[in-house]
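User: I am new to this structure. Please take me on a close look at the pocket with the greatest volume, and then at the parts of the chain that follow on from it.

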Amino acid sequence: MPGKQTTICNPVNLSYRFCLDTPSRREAADPTMVLYKNEYYLFASKSGGYFHSTDMISWDLIKTDDLPIEHYAPTAIAIKDTVFFIASAPSSVKIYKTSDPKSGKWEIANPSFPIGMIDPDLFLDDDGKLFFYYGCSDINPIYGVELDRKTLNPAGKPAVLFNSNKEVNGWERKGDYNDKLGRPWIEGAWMTKHNNQYYLQYAGPGTEFKSYSDAVYISDKPLGPFTLAPNNPVSYKPEGFIAGAGHSSTFQDKYGNYWHVSTMSISQKHMFERRLGFFPLFFDKDGLMYVYTGFGDFPFKLPSKKISSPEELFPGWMLLSYNKPVQVSSELIDHTKQFAADEEVRTYWSARTGNKGEWLSIDLQKNCTINAIQINYAEHNTHLLGRNPGIYYQYLLEYSADNKTWKTLEDKTLSNTDAPHDYLELKTPVKARYLRITNYKVPDGTFALAGLRVFGNAGTKTPQAITAFTVKRMEDRCVVKLNWPKVPGAVGYNIRYGTAKDKLYQNYQVLGSESISINSLNSDQQYYFVVDVFNESGITKGKSIVKVN
């Protein structure tokens, strides 16, 4: 019963390509989004082409033989009626151009760009000057240089812009939770100009970590000197169903809204097993850039007008499936049924086979209003490499009030669409307690799900507010520890924090615990914290803000 889709849910439901090498796994990362002639073109690593959309919801793949599409971190820029493209390469670098990206036809614009590098970014200033930023290293810095608009070669010597400083910048420390030793990888530069200020973002500490994030430096000149923004990391999502919000590009949609398209981490079969996510981006009245990642893998609206706050995007559909009872047709000993409802993309349930008739059902434990479902497949025992026409899924999704009488919610038994993170927004919500998905076809391997995620409303009261909690800043000032009382009926908690009471821009989601250590602070900044609580019926904002110096 899906209708016209108006919402999306991270990770973005793209036909992520199976990598060309073993182990068999999907990947897309290091994205660049270009709005060209009012349509969207999405370039991402290891995709076998690039994606095209008119609405940021439905995407088709454009294949090309003209670009070095297997090179990492491709980037592109629209300048007047031409799109230019460059990708990472240690040598023999070329810049390409087209006036018709939908055709897949490109020609060489510069046959011998002299800078071998990783993670390129092209930026066109308001005065027509073109700049080039690059860098990806646990040793070397981020660089920038102006390019000659005619030759597309450097107009001078590259400038060193900045490097890591993990002793002060906690978000640059390695590990899923910024608690590991070693130098971080500093990479993924991207320049945005807003109100005559230059915002140069960079990613760290490594693409395989949940903590993968973007921070930003600010200057009034495109090549600096740069000053570290006070509210870093500006794009940070260390928890939730899928984590990571780093190596992103910042772009404006048709209505002038800013967005961040980011790399998200699975990194289990291979460190480069990754997905993409969309997050709204804003500039506040003081010129601070921030990316809203709160509830960043719940459904959110795609606007059809200019918006001014993230609250305008949230439809209020809450998570109904977390840790709910699951029944299955079969399971493997290391991939048991509870992993389909544990809100962790890195774990998954697998049936013993990929045969038609394998099934999974979930009990929401009461009749709920269901607005949307996300079906996240896992690749278990696949041997697929690359793309082929047989890569698609077929299933039947049903709902029931009593686990006896079933009605069809979505029939995709004849589908030929590759939708590894299929997202169904219901035109008319349904009331149900049980959902069941029955396999008709997987492209290879077994029928396996990393998450059957259900969103809507349980029809109960929203949770009590948290009125008191503790925050302790540790001797290592990049670290704070928070504790709060357990709220009856809570599904989880969302910690909002920032450098001022009215700038609580960071979000940290917690499930199944009433304490957390956050290790990603700037040791030189003071912070303010508040703890919100959510259940299956809504979010209750915290009433107490705690300051730590």
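Analyst: The tour below starts at the pocket, moves to a loop, and ends with two sheets. Keep in mind that this is a predicted model.

Start with the largest pocket. Its volume is about 770 Å³. The lining counts 40 residues, and those closest to the pocket centre are Asn13, Trp59, Thr417, Asp418 and Ala419. Four elements give two or more residues each to this lining: strand S2 (17–18), strand S7 (60–62), strand S31 (407–412) and strand S32 (421–441). Which strand gives the most? S32 does, with five residues. By character, the lining holds 19 nonpolar, eleven polar and ten charged residues.

Now leave the pocket by way of S32. Between S32 and strand S33 (448–457) there is a loop, and Thr446 lies in it. Is Thr446 buried or exposed? Thr446 has a relative accessible area of 7%, and buried means under 20%, so Thr446 is buried. Which residues does Thr446 touch, once neighbours within four places in sequence are left aside? The contacts are Ser350, Ala351, Arg352, Thr353, Gly354 and His380.

Next comes an open sheet of three strands. Its order is S34-S35-S38, and the pairing is antiparallel. Strand S34 (470–473) and strand S38 (515–518) are the edges; each has a single partner strand, so one side of each has no neighbour in the sheet. From one strand to the next, the twist averages 15 degrees. Look closer at one pair. S34 and strand S35 (residues 480–483) run antiparallel and are joined by four bridges. Within that pair, Val471 stands opposite Leu482 of S35.

The last stop is an open sheet of four strands. The order here is S21-S22-S23-S24, again with antiparallel pairing. At the edges are strand S21 (243–252) and strand S24 (289–291), and each of them pairs on one side only. Neighbouring strands in this sheet are turned against each other by 35 degrees on average, direction ignored. One pair closes the tour. Strand S23 (residues 274–283) meets S24 in the antiparallel sense, over three bridges. Leu281 has Val291 in S24 as its bridge partner.

Definitions and conventions
Residues numbered from 1 in each chain as written. Predicted model: local features only at pLDDT ≥ 70, side-chain atom pairs only at ≥ 80, totals over all residues. Heavy atoms only, no water. Pairing = 2+ DSSP bridges. Axes fitted to C-alpha atoms, helices over the stretch in contact; angles between N-to-C directions. 1 Å grid on protein atoms, 1.4 Å probe; cavity = no way out; pocket = protein on both sides within 12 Å on 5 of 7 lines; lining within 4 Å. Points joined across faces, edges and corners; volume = space filled by probe spheres on them. Nonpolar A, V, L, I, M, F, W, Y, C, P; charged D, E, K, R; others polar. Buried < 20%, exposed > 50% of the residue type's maximum accessible area, 1.4 Å probe, protein only. Contact = heavy atoms within 4.5 Å.
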